[in-house]
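Biologist: I'd like a close look at one part of this chain, namely the fourth element and whatever sits around it. Could you walk me through it informally?

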Amino acid sequence: MVHCPECKTALETIDDIEFVEMDARTGFIRSSKRFYTTTCAECSATIGSGVAGAKPNGGAA
Ligand SMILES: [Zn+2]
């Protein structure tokens with residue numbers, strides 16, 4: 001189970017997490033991959049980030 005590192009909210013459901021997709025074409029990173037971050041719905045702390053549709057390398061903390 002994931003807990004928010006900031007407010008300790010238990011992130012039990014998808015509703016507790018906000019996925020923010022960043023379209024690579026905006027210039028954030030010059031790539032065709034799609035990047036995303038997950039943020040706490042309570043305090044907006046960043047929980048994690050990753051790449052969607054890219055090579056699966058696991059490594060999720
Ligand atoms: Zn939080």
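Biologist: To get oriented, in what order do the elements of the chain run from the N terminus on? Then, please, on to strand β4 and its surroundings.

Modeller: Sure. Keep in mind that this is a predicted model. From the N terminus on, the elements go β-β-β-β-β, so to speak a plain run of strands: five of them, with zero helices. The chain has 61 residues, and buried ones make up 3% of them. As for confidence, the average pLDDT is 72, and 62% of the residues score at least 70. Split by element, β2 has the highest mean pLDDT, 83, and strand β3 (residues 17–23) the lowest, 71.

Now for your strand. β4 covers residues 34–40, and a loop holding S44 links it to β5 (46–52). Let's walk along β4 residue by residue.

R34 sits in β4. It counts as partly exposed because there are 15 C-beta neighbours inside 10 Å. Its C-alpha is 7.1 Å from that of E21, with the two positions 13 residues apart in sequence numbering.

Next up is T37, also in β4. T37 has 14 other C-beta atoms within 10 Å, so it comes out as partly exposed. V20 is 17 residues away in sequence, yet the C-alpha atoms of T37 and V20 are 5.3 Å apart. Setting aside neighbours within four places in sequence, T37 is in contact with V20, T46 and S49. T46 and S49 fall within the range of β5 (46–52), while V20 falls within that of β3 (residues 17–23). That puts T37 in touch with residues from both of those strands.

Then there's C40, still in strand β4. What makes C40 buried? The cut-off is 20 or more other C-beta atoms within 10 Å, and C40 has 21, so it qualifies as buried. Its contact list, not counting residues up to four places away in sequence, reads C4, E6, C7, T9, L11, A45 and I47. One of these, T9, is 31 residues from C40 in sequence, and their C-alpha atoms are 8.1 Å apart. Contacts that span a long stretch of sequence turn up across the chain too: among those between residues at least 6 apart, 29% join residues at least 24 apart.

Over in strand β3 is I17, which ties into the same neighbourhood through contacts with L11, T38, A41 and I47, again leaving out residues up to four places away in sequence. L11 and I47 also appear among the contacts of C40. I17 is partly exposed because 17 other C-beta atoms lie within 10 Å. I17 and S44 are 27 residues apart in sequence, with 8.8 Å from C-alpha to C-alpha.

S44 brings us to the loop between β4 and β5. It isn't a glycine, but its phi is positive, near 70 degrees. With 13 C-beta neighbours inside 10 Å, S44 counts as partly exposed. K8 also has a positive phi without being a glycine, at about 65 degrees. K8 lies in the loop between β1 (2–3) and β2 (10–11), and having 10 C-beta neighbours inside 10 Å is why K8 counts as exposed.

Note on methods:
Residues are numbered from 1 along each chain as its sequence is written. This is a predicted model: local features need pLDDT of at least 70, side-chain atom pairs count only at pLDDT 80 or more; totals for chains, interfaces and linings use all residues. Helices (H or I, at least four residues) and strands (E, at least two) are DSSP runs, numbered from the N terminus. A residue is buried if 20 or more other C-beta atoms lie within 10 Å of its own, exposed if 12 or fewer, and partly exposed in between; C-beta atoms are placed from the backbone. Two residues are in contact if their C-beta atoms, placed from the backbone, lie within 7 Å. pLDDT is the predictor's confidence in each residue, from 0 to 100.
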